[in-house]
Amino acid sequence: MSTGTILLVEDNPSDIGLTERAFKKSHISNNLVIAQDGQEGLDYLFCQGNYASREDATPPMLVLLDLKLPKVDGLEVLRQIRKDPRTHRVPVVILTSSREEQDVATGYDLGVNSYIRKPVDFQQFAEVIKQLGMYWLVINENPHQS
């Protein structure tokens, strides 16, 4: 599986490493961009801050978004993605350890495409990443951005 960028907005180094390992194990070879806080994720998406000179302003084909992030929390990142016409159609999957029902409800109210709790076990996590890749990168038909 390849083509298109995946933006991972995640502050936990262990979860970043697990995600990278799971991508490799699942043969997902898309370019994985890592933003380690919510503001960095927004900067990447909107070509601002450290990403102001990003040559390819094409939005990622998928955003994997944690909720509990420094600087700007994941729900606010989602809110900003959905309100901007450049990114409002980008598929966003909340991938978090949060078990708070309010987070699930608010995520869907703000337009998340999917909400997945991170499994603790690596094998289960790798399977989740494989299924995410299969669905969002192969099966799902992404709308053209406007």
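A residue is called buried when its relative accessible area is under 20%, exposed when that area is over 50%, and partly exposed in between. The views below show a predicted model, and these words are used for its charged residues in each legend where they apply.

**View 1. A buried salt bridge between E10 and K118.** The side chains of E10 and K118 meet in a salt bridge, with a distance of 2.5 Å from N to O. This pair links distant parts of the chain, since E10 sits in the loop between β1 (5-9) and α1 (13-25), while K118 sits in the loop between β5 (114-117) and α5, 108 residues apart. Both E10 and K118 are buried, and by the cut-off given at the start this places the relative accessible area of each under 20%.

**View 2. The salt bridge of K68 and E100, two loop residues.** Here the side chains of K68 and E100 meet at 3.9 Å, N to O. K68 belongs to the loop between β3 and α3 (74-83) and E100 to the loop between β4 (92-96) and α4 (101-109), so the salt bridge ties together parts that are 32 residues apart in sequence. K68 has a relative accessible area of 46% and is therefore partly exposed, and E100, at 43%, also counts as partly exposed.

**View 3. The salt bridge of E101 and R117, from a helix to a strand.** The side chains of E101 and R117 form a salt bridge of 3.3 Å, N to O. Distant parts of the chain are linked by this pair, with E101 in helix α4 and R117 in strand β5, 16 residues apart. E101 is exposed because its relative accessible area is 57%, whereas R117, with a relative accessible area of 29%, is partly exposed.

**View 4. A network of salt bridges around E10 and K118.** Salt bridges that share partners join E10, D15, D66 and K118 into one network. The structure as a whole holds nine salt bridges, including the pair E10 and K118 from the opening view.

**View 5. The lining of the largest cavity.** The structure holds one cavity of 30 Å³ or more, and the largest cavity has a volume of about 30 Å³. I6, F23, I28, L62, L64, I129, L132, G133 and L137 line this cavity. At least two lining residues are supplied by each of β3 (62-65) and α5 (122-139), and α5 gives the largest share, four residues. Sorted by class, the lining of the largest cavity has eight nonpolar residues, one polar residue and no charged residues.

Note on methods
Residues are numbered from 1 along each chain as its sequence is written. This is a predicted model: local features need pLDDT of at least 70, side-chain atom pairs count only at pLDDT 80 or more; totals for chains, interfaces and linings use all residues. Side-chain values use heavy atoms; hydrogens and water are left out. On a 1 Å grid over the protein atoms alone, a cavity is a set of points where a 1.4 Å probe fits but cannot get out, and a pocket is an open set with protein on both sides within 12 Å along at least five of seven lines; lining residues have an atom within 4 Å of a point. Grid points are joined across faces, edges and corners, and a volume is the space filled by probe spheres set on the points. Ala, Val, Leu, Ile, Met, Phe, Trp, Tyr, Cys and Pro count as nonpolar, Asp, Glu, Lys and Arg as charged, and the others, Gly among them, as polar. A salt bridge is a side-chain nitrogen of Lys or Arg within 4 Å of a carboxyl oxygen of Asp or Glu. Buried means under 20% relative accessible area, exposed over 50%, partly exposed in between (1.4 Å probe, protein chains only).
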